Amino acid sequence: MDNLKIAIIGQGIIGVSSALAILEKYPNAQVTIFGDRSFEETCSYGPSGHFEVDRDVYKDWAKASFLKFAEIYRDHNPDVTGVKLISNFHISDTLEKLQNLERCTKEFVYNLHWLEEREIKAIFSQPKKYCLFFTAYASEGKKYVPWLKEKCVQKGAKFLAEEVDVIINCAGSYAGKLAGDDEVIPVKGVALEVYAPWHKHTYDYDCHTYAMPMGETVFIGTTRKVNCHSTKITDEERQDIMSRYEEFHPAMKNAKVVGEWCGIRGERAAGICRLESQKRTLISGKQYQVIHNYGHGGYGFILHWGCALKVIELLGC
Ligand SMILES: Cc1cc2nc3c(=O)[nH]c(=O)nc-3n(C[C@H](O)[C@H](O)[C@H](O)COP(=O)(O)OP(=O)(O)OC[C@H]3O[C@@H](n4cnc5c(N)ncnc54)[C@H](O)[C@@H]3O)c2cc1C
């Protein structure tokens with residue numbers, strides 16, 4: 001396993017974390033990572049990477065990512081890595097949504113508790129019945145992925161093609177095309193970056209409208225436009241995001257929008273990402289392995305390290 005030649009298709013969070021996990025475990029592996037566009041054009045460039053996981057099937061991978069974040073946050077400068085520790089308020093009238101979040105995160109996030117009614121009323125202008133609080137790591141895509149990439153390069157990863165033994169499919173919203181899997185749906189997401197240096201917590205309303213501090217600015221999201229591969233942001237989307245957030249948080253009215261970003265999430269119709277191994281044979285008779293690691297939808301940063309460890313388990317299977 002140590003000397004395998006491995007090709008990874010995709011230089012986003014999933015491809016780069018798969019590469020690093022392999023190189024940490026097998027330092028002599030020859031890993032080549034392919035991409036077909038600049039990093040700025042991938043879905044991994046813009047996310048604020050807030051930690052919200054509410055599906056039981058993702059719990060273990062999210063936990064592994066969380067523990068990796070803890071290690072990185074302890075040992076490295078957050079200004080460089082983009083990994084930071086942030087308090088999160090999740091507010092909703094639907095108890096079940098927040099209970100799902102509690103069940104899937106309580107084993108590893110910090111300081112998790114339910115807010116009392118008086119606290120909810122004091123903090124929120126549009127109070128809802130329930131508010132779950134916890135402290136968790138967040139990972140800013142535009143810093144975190146280049147940092148992981150640099151680690152891969154230091155460990156010998158290359159960006160050249162060669163005949164390989166293993167191909168790892170981490171091609172995001174295009175991964176289905178490469179795999180012949182028509183279950184992958186592109187889902188457009190838009191977020192705005194607003195100047196608000198005083199806004200220091202993550203607020204999340206109904207697991208859909210949220211604000212996440214990024215230093216001087218706040219990242220406000222988001223939208224879900226299904227079956228859309230266009231990254232052009234419309235005025236309607238801008239207004240929709242801002243008006244939804246302002247309704248919950250009036251102090252943000254007239255805050256200056258200083259940036260915007262659009263990414264295409266690759267989701268699978270079944271709602272669960274694909275982590276699976278296939279054996280294939282070239283016309284020459286040479287056998288090679290394909291490991292699929294795609295379909296993470298809105299959970300790529302939350303799941304990346306857990307999925308990368310799963311890729312290692314699948315190597316050679
Ligand atoms: C608005 C928004 C907010 C988000 N917020 C969060 C968040 O808070 N937390 C979270 O966990 N997730 C979040 N996400 C989801 C997260 O961004 C994605 O899950 C993640 O970026 C997917 O990473 P990826 O590496 O699979 O795909 P991508 O980053 O899209 O990378 C795909 C790679 O495949 C390459 N590729 C594709 N086709 C080919 C080909 N034919 N040949 C060679 N290379 C190819 C591309 O060049 C690229 O390098 C958010 C998404 C959006 C849109």
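In this predicted model, a backbone N or O atom of Phe301 sits 2.8 Å from an oxygen atom of the ligand. The protein buries 91% of the 1,000 Å² that the ligand exposes when taken alone. Beyond the ligand site, there are 21 salt bridges to look through, plus a nonpolar surface patch of about 230 Å².

**Around the ligand**

- Backbone contacts to ligand oxygen atoms also come from Gln11, with a polar backbone atom at 2.8 Å, and from Ile302, with one at 3.0 Å.
- The shell has 32 residues, and those that come nearest are Gln11, Asp36, Ser44, Gly297 and Phe301.
- By character, the shell splits into 14 nonpolar, 15 polar and 3 charged residues.
- Which elements each supply at least two residues of that shell? They are α1 (13-25), β12 (257-268) and α9 (300-314).

**Salt bridges**

- Side chains of opposite charge can pair when their charged atoms come close.
- Glu237 and Lys188 form a salt bridge, with their closest N and O atoms 3.1 Å apart. This pair links distant parts of the chain: Glu237 belongs to helix α8 (residues 235-248) and Lys188 to strand β7 (residues 184-195), 49 residues apart.
- Are Glu237 and Lys188 buried or exposed? Glu237 is buried, at 8% relative accessible area, and Lys188 is buried too, at 2%.
- Salt bridges with shared partners also join Glu24, Lys68 and Glu71 into one network.
- Lys128 pairs with Asp206, and here the closest N and O atoms are 3.6 Å apart. Lys128 is in the loop between α5 (117-123) and β5 (130-139), while Asp206 is in the loop between β8 (202-205) and β9 (209-213), so this salt bridge ties together parts 78 residues apart in sequence.
- Lys128 has a relative accessible area of 17%, so it counts as buried because the cut-off is under 20%. Asp206 comes out as partly exposed, at 24%.
- Arg118 and Glu119 make a salt bridge as well, with 4.0 Å between the closest N and O atoms. Arg118 is exposed, with 57% relative accessible area, whereas Glu119 is partly exposed at 24%.

**Nonpolar surface patch**

- Tyr73, Leu85 and Tyr110 make up the patch.
- Tyr110 is part of strand β4 (residues 110-114). Its relative accessibility is 33%, so Tyr110 counts as partly exposed, and patch residues need over 30%.

Terms used: Residues are numbered from 1 along each chain as its sequence is written. This is a predicted model: local features need pLDDT of at least 70, side-chain atom pairs count only at pLDDT 80 or more; totals for chains, interfaces and linings use all residues. Side-chain values use heavy atoms; hydrogens and water are left out. A residue is near a molecule or strand if one of its heavy atoms lies within 4 Å of it. A polar contact is a pair of N or O atoms within 3.5 Å; within protein, one must be able to donate a hydrogen and the other to accept it, and residues adjacent in sequence count only if both atoms are side-chain atoms. Accessible areas come from the Shrake-Rupley method with a 1.4 Å probe; for residues, only the protein chains shown count as cover. Helices (H or I, at least four residues) and strands (E, at least two) are DSSP runs, numbered from the N terminus. Ala, Val, Leu, Ile, Met, Phe, Trp, Tyr, Cys and Pro count as nonpolar, Asp, Glu, Lys and Arg as charged, and the others, Gly among them, as polar. Patches are made of residues with over 30% relative accessible area and no salt bridge: like charges are joined within 9 Å, nonpolar side chains (Val, Leu, Ile, Met, Phe, Trp, Tyr) within 5 Å. A salt bridge is a side-chain nitrogen of Lys or Arg within 4 Å of a carboxyl oxygen of Asp or Glu. Buried means under 20% relative accessible area, exposed over 50%, partly exposed in between (1.4 Å probe, protein chains only).
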